[in-house]
Amino acid sequence: MRNQIKSLTLNYYLLRIILIGLITFSWCLPAMATSISDRLKQFPQWQGKPDVQRATGDLEYPQWMAGTWNVESTLVEQIAPLAPNLVTPGFSSNAKYLDQAIAFEVRFGSQYYSSPTGILAKWRSSEPKVVADRAFNGERIAIAYLGADQVAKVKVDPQNPNLQITLLRGERQLISKITGRATEKPHPQQFITTEVTQQFFKSPERIYLNEVETTANYELLNSDKITAQQITAIYLSPQDPDYFKAENRPVALYRYHLDLTKAN
């Protein structure tokens, strides 16, 4: 079961299409913050978490990502930066995903956007917002990695797109809360994003907590093709007995190559 937990944890936010969370604290970008682009260039020499802002509202994608896409996700590299002193459970078993293309479907569009109410509504433009269909995408990705017999349902809080629950068979559930994010648009055909998510896995046997960073670089090749590089970093929670050994550094890094092809 631990391997199943890790498979879900490591791939769950794939494409930022699947993410989650209730805001529990506030982060601000410091004056000399490292850009996401620079952070990607520094991989895998990551010594801490990314510079993000508090996650409010939903993650907005460029207009060219609207639509339904067939995705092939391939794990091309996995690194345990603190090995051999600290290696996360399931890291070795996840090697079976290396160079294996996992296929699933995702979709984005303005129809999945929930307009803010009250004073926030005055700050928003009338331009349609392209966001992920988080429940649909999360369920498709979970099934692709865990199997349909293991996934019961994925639910997103209708009042908060940053809070998502994946219900699994056997009275298991993964609660994910996006707490921070940042985005960059270096040019019109490129979109870079990073999100930090707190994850809480609960089953009759155990409780497991960690923090996940998902950083992705999307590039539009043509109207029907997008390519992306995505890095998932795993951080220990303060409740983990090895938390102070990690010193806020990632304990596992996973790099994926994504191919998105527009569905007919």
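## Contacts and overall fold

A contact is counted where heavy atoms lie within 4.5 Å. On that basis, among contacts in this predicted model that link residues at least 6 apart in sequence, 68% join residues at least 24 apart. The secondary structure consists of four helices and eleven strands.

The protein has 264 residues, and 48% of them count as buried. The exposed surface comes to about 12400 Å², of which carbon and sulfur atoms supply 50%.

## Confidence of the prediction

The mean pLDDT of the protein is 84, with 83% of residues at 70 or more. The extremes fall in two named elements: helix α1 (residues 2-11) has the lowest confidence, at a mean of 40, whereas strand β2 (residues 67-79) has the highest, at 98.

Two stretches deserve separate mention. Over residues 1-32 the pLDDT stays under 50, and the model has 145 contacts beyond four places in sequence for this segment. Over residues 118-123 the pLDDT is likewise below 50, but this stretch has one contact in the model beyond near neighbours in sequence.

## Strand β7 and its cover

Strand β7 spans residues 172-184 and is mostly covered, with ten of its 13 residues buried. The pairings of β7 described below involve strands β1, β6 and β8.

In a regular strand, side chains alternate between the two faces of the sheet.

## Pairing of β7 with β1 and β6

Strand β1 (residues 53-54) pairs with β7 in the antiparallel sense, over two bridges. Within β1, Arg54 stands opposite Gly180 of β7.

Strand β6 (residues 163-168) also runs antiparallel to β7, and six bridges join these two strands. Here Leu163 is set opposite Lys177 in β7. The two strands form a hairpin with three residues between them, and Gly170 in this hairpin takes a positive phi near 80°.

## Pairing of β7 with β8

Eleven bridges connect β7 to strand β8 (residues 190-202), again in the antiparallel sense. One of the facing pairs is formed by Gln173, which stands opposite Lys202 in β8. The hairpin of β7 and β8 has five residues between its strands.

Strand β7 therefore takes part in two hairpins, given that β6 and β7 form one and that β7 and β8 form another, where pairing requires at least two bridges between two strands.

Methods. Residues numbered from 1 in each chain as written. Heavy atoms only, no water. Buried < 20%, exposed > 50% of the residue type's maximum accessible area, 1.4 Å probe, protein only. Areas by Shrake-Rupley, 256 points an atom, 1.4 Å probe, with all protein chains shown as cover. pLDDT = per-residue confidence, 0-100.
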